[in-house]
Amino acid sequence: MHPRDQTIFALSSGRPPSAIAMVRVSGPQAGPLLSALGGKVPPARAATRALLRDVGQQPIDDAVVVWFPGPASATGEDVAEFHVHGGRAVLAALFAALAGFENVRTADPGEFTRRAFENGKLDLTEAEGLDDLIHADTDRQRRQALRQLKGLLGDRARDWRARIIEASALIEAGIDFSDEGDVPAELIAPAMAKIKTLLAEIQEVLAAQGQSERLRDGLVVAIAGPPNVGKSTLMNQLARREVAIVSPHAGTTRDVIEVQLDLDGYPVTVIDTAGIRETDDPVEQEGVRRARARAADADLVLWLADSPQARMEQQGAAPVWLVRNKIDIAAPGRPMAQGQGKAGFEISASRGDGLPELIAALVGFAQDYFGGNEGGLIGRTRQRKLLEETAASLRRSIGVVGEGEELAAEELRTAAHSLGRLLGRVDVEDILDVIFREFCVGK
């Protein structure tokens with residue numbers, strides 16, 4: 001039997017132990033499994049209490065079961081849910097009982113969602129939105145993913161594709177009736193009007209996009225500078241917990257340490273790097289090399305120093321902010337400063353002076369980096385590139401219509417094909433495995 005025809009099951013709730021765990025089953029054996037383990041198939045979509053028993057009639061758990069006959073289910077197949085107590089032993093017994101049936105197996109990552117996609121329950125943009133929603137770390141990521149899951153982009157793409165096909169039909173009809181005098185002109189003119197309107201709509205979506213697809217990966221900020229200037233202390237302050245070892249000895253940090261932050265809803269990865277200096281220690285040399293490499297790949301570098309005369313070292317093409325630390329240790333006769341100075345920022349990472357101003361500046365940088373646009377429909381680079389390909393094909397169709405209707409019709413077919421790939425309806429087998437394997441098991 002083909003794997004897609006087998007019945008799959010997986011834990012679809014949190015990691016045990018937990019108060020309640022939900023095990024989902026999808027496939028042709030879902031109903032017989034409910035009957036065998038729970039004694040009967042309950043009424044559809046009604047939570048029903050059942051004493052679950054294994055094939056030896058030994059009790060597994062006093063549970064609640066729900067039956068969703070296909071195609072009116074999440075996957076489009078028959079689906080059963082077992083809501084059991086979330087102990088490891090309970091789940092192990094239930095899994096063993098399920099796996100004991102023929103053509104029943106554990107689900108692969110994302111297999112439930114893939115079956116929903118293949119059965120027409122959602123398009124590829126909605127599946128990508130679901131994956132982004134599962135992995136959303138900040139509120140802005142959640143809102144963007146929810147727009148995708150609601151099908152806002154997919155709905156627009158389906159409408160665009162239908163209108164392209166209508167325009168293409170008009171042009172091809174003009175080709176077929178080319179010997180009827182003025183018939184081609186009467187058909188091609190309204191077709192081109194439709195295409196120009198549609199192109200303007202797609203270009204508007206692309207122009208309004210800003211950098212919203214960057215929300216998936218987030219902003220990367222590297223803390224760099226010489227040894228012993230307080231990089232790890234600043235890292236701990238931004239994270240509000242002890243994530244890096246703080247020591248008065250130079251060379252304490254030898255590897256790259258990362259922490260994920262939520263700055264006003266923006267996802268930010270902060271990187272603490274080894275102190276950059278010349279050294280004979282081969283381990284520290286490797287740490288310095290990694291520090292320079294990560295700083296070069298960052299979107300923003302905070303160059304930390306503890307002297308007013310400090311000089312920054314440019315790391316790649318990213319902007320570099322000079323941050324003078326340890327302003328609480330003032331030189332004789334020199335007043336302590338805080339906040340944003342002429343040379344950058346002046347802070348005390350240990351005491352917290354100047355940190356609110358630095359964090360506010362980071363939030364402002366994130367707003368500019370992400371484009372400040374929360375209404376964008378595009379969440380992934382794949383989606384943007386396919387829309388750009390669609391727009392390019394539409395522009396070419398407009399440009400070649402005077403040279404031959406056949407060329408315009410071919411460009412419209414290419415545009416419709418690009419939107420089909422966006423929705424996952426044509427020519428996407430090569431990317432499906434890549435997308436769905438990112439899902440967690442049970443989704």
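**Strand β9 and the core around it**

User: In this predicted model, which residues point one way from β9 and which the other way?
Analyst: In a regular strand, side chains alternate between the two faces of the sheet. On one side of β9 are Pro267, Thr269 and Ile271. Pointing the other way are Tyr266, Val268, Val270 and Asp272.

User: How many residues of β9 are buried?
Analyst: A residue counts as buried when its relative accessible area is under 20%. Strand β9 covers residues 266–272 and is mostly covered. The number of its residues that are buried is seven of seven.

User: Which strand runs parallel to β9, and which antiparallel?
Analyst: Strand β7 (residues 219–224) is joined to β9 by five bridges, and one of its residues, Ile223, has Asp272 as bridge partner. Strand β8 (residues 257–263) is joined to β9 by seven bridges, with Val259 partnered by Val270. The parallel strand is β7; the antiparallel one is β8.

User: Which residue in the turn between β8 and β9 has a positive phi?
Analyst: β8 and β9 form a hairpin, with two residues between them. The phi in question is about 55°, and the residue is Asp264.

User: Which element supplies the largest share of the largest nonpolar core?
Analyst: This core has 31 residues, and Val270 of β9 is among the six that touch the most other members, with Leu219, Ile223, Leu234, Leu302 and Trp321. Elements that each supply at least two residues include β7, β8, β9 and α10 (355–369). The largest share is seven residues, and it comes from α10.

Notes. Residues numbered from 1 in each chain as written. Predicted model: local features only at pLDDT ≥ 70, side-chain atom pairs only at ≥ 80, totals over all residues. Heavy atoms only, no water. Buried < 20%, exposed > 50% of the residue type's maximum accessible area, 1.4 Å probe, protein only. Helix = DSSP H or I, 4+ residues; strand = E, 2+ residues; numbered from the N terminus. Pairing = 2+ DSSP bridges. Core = buried A, V, L, I, M, F, W, Y, C linked by side-chain atoms within 4.5 Å.
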